[in-house]
Amino acid sequence: MPIPEYCDPRAEEFFTRGFVGERHGENGTSYRISWDTTHEGLQPTLVLKAGNRRICAYCGNPALSIQSRSEGYPTIGHTCCCKGSRDELEHKEKLEALQARHEEEMTALMNEAPRPSKSVVEVAVSASARRIEQELLDRVDRNSAMVGDQPVGDYIAEQLDHISRF
Ligand SMILES: [Zn+2]
């Protein structure tokens with residue numbers, strides 16, 4: 001097949017020119033142009049099923065297959081060489097770039113988040129510690145080694161864990 005007239009310049013690289021012998025090629029040339037189904041740069045684009053055919057959703061021309069280089073060359077997708085199909089991929093790339101940038105900016109902003117004051121944290125922690133201490137003393141006064149249904153030791157460990165997570 002010659003390169004179709006609807007081929008977008010961005011898809012021309014996917015057509016290869018193979019030597020087929022003098023004048024046996026396209027338009028009396030020595031080369032035959034073919035769609036390189038295993039080209040590494042190929043990515044699937046939107047294709048519709050029309051009966052038992054697959055057509056490009058943008059231009060309606062027959063979809064071009066993408067094949068894996070692994071054994072048996074299984075078909076792994078379909079695409080087209082028209083402007084619409086190239087625009088789809090360009091749009092996808094822009095979207096991915098924007099998402100990546102957005103994530104970077106989010107991370108940067110998270111790192112700029114105001115940090116709690118060390119002295120305020122210390123005030124809170126010591127107040128919590130005093131409360132726990134008081135609670136334990138109250139329990140012990142009532143001759144119980146349990147805080148609720150927990151042994152005193154477990155209760156202390158749990159409370160300390162809460163504080164350290166602050
Ligand atoms: Zn198309």
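A129 counts as partly exposed because 13 C-beta neighbours fall inside 10 Å; on this scale a residue is buried with 20 or more other C-beta atoms within 10 Å of its own, exposed with 12 or fewer, and partly exposed in between, the C-beta atoms being placed from the backbone. A129 belongs to helix α2 (residues 118–141). The C-alpha atoms of A129 and I156 are separated by 9.9 Å, although these positions lie 27 residues apart along the chain as a sequence offset. The model is predicted: local features need pLDDT of at least 70, side-chain atom pairs count only at pLDDT 80 or more, and totals for chains, interfaces and linings use all residues. Residues are numbered from 1 along each chain as its sequence is written.

The protein contains three helices and eight strands, where helices (H or I, at least four residues) and strands (E, at least two) are DSSP runs numbered from the N terminus. From the N terminus on, the order of these elements is β-β-β-β-β-β-α-α-β-β-α. The domain assignment gives domain 1 (9–86) and domain 2 (118–165); such bounds come from an automatic or database domain assignment. The C-alpha centres of domain 1 and domain 2 are 71 Å apart.

The overall dimensions were examined next. The radius of gyration of the protein is 34 Å, whereas a compact globule of 166 residues would have a value near 15 Å. This quantity is taken over C-alpha atoms, and the globule rule is 2.2 Å times the number of residues to the power 0.38. Taken along the principal axes, the box filled by the C-alpha atoms is roughly 105 × 35 × 30 Å. Of the 166 residues, 10% count as buried. Among contacts between residues at least 6 apart in sequence, 43% join residues at least 24 apart, two residues being in contact if their C-beta atoms, placed from the backbone, lie within 7 Å.

In soluble globular proteins, nonpolar side chains tend to be buried together. Here the largest nonpolar core has eight residues, namely A11, V47, C56, A63, L64, C80, C81 and C82. A core of this kind is a set of buried Ala, Val, Leu, Ile, Met, Phe, Trp, Tyr and Cys residues joined through C-beta atoms within 7 Å. With residues up to four places away in sequence left out, C56 touches V47, N61, A63, C80, C82 and S85.

Strand pairing was assigned where DSSP finds at least two bridges between two strands. Strand β1 (residues 15–19) and strand β2 (residues 31–35) run antiparallel and are joined by five bridges. T16 has S34 in β2 as its bridge partner. None of the five residues of β1 is buried, and this strand is hardly covered. The loop between β1 and β2 includes G28, which is exposed, with 8 other C-beta atoms within 10 Å. G28 and C59 are 31 residues apart along the chain, and their C-alpha atoms are separated by 29 Å.

A second antiparallel pair consists of strand β3 (residues 47–50) and strand β4 (residues 53–56), joined by four bridges. L48 has I55 as its bridge partner in β4, and K49 stands opposite R54 in the same strand, β4. The two strands form a hairpin with two residues between them, and G51 in the turn has a positive phi of about 65 degrees. Most residues other than glycine have a negative phi. Y73, a residue other than glycine, nevertheless has a positive phi near 45 degrees. Y73 is located in the loop between β5 (64–67) and β6 (75–79), and is exposed, with 12 other C-beta atoms within 10 Å.

Helix α1 (residues 83–111) comprises 29 residues and should span 42 Å at 1.5 Å a residue, which agrees with the 42 Å between its end C-alpha atoms; the expected span is 1.5 Å times one less than the number of residues. The helix is hardly covered, with two buried residues among its 29. K92 is part of helix α1 and is exposed, having 12 other C-beta atoms within 10 Å. From C-alpha to C-alpha, K92 and L46 are 12 Å apart in space, with a separation of 46 residues in sequence.
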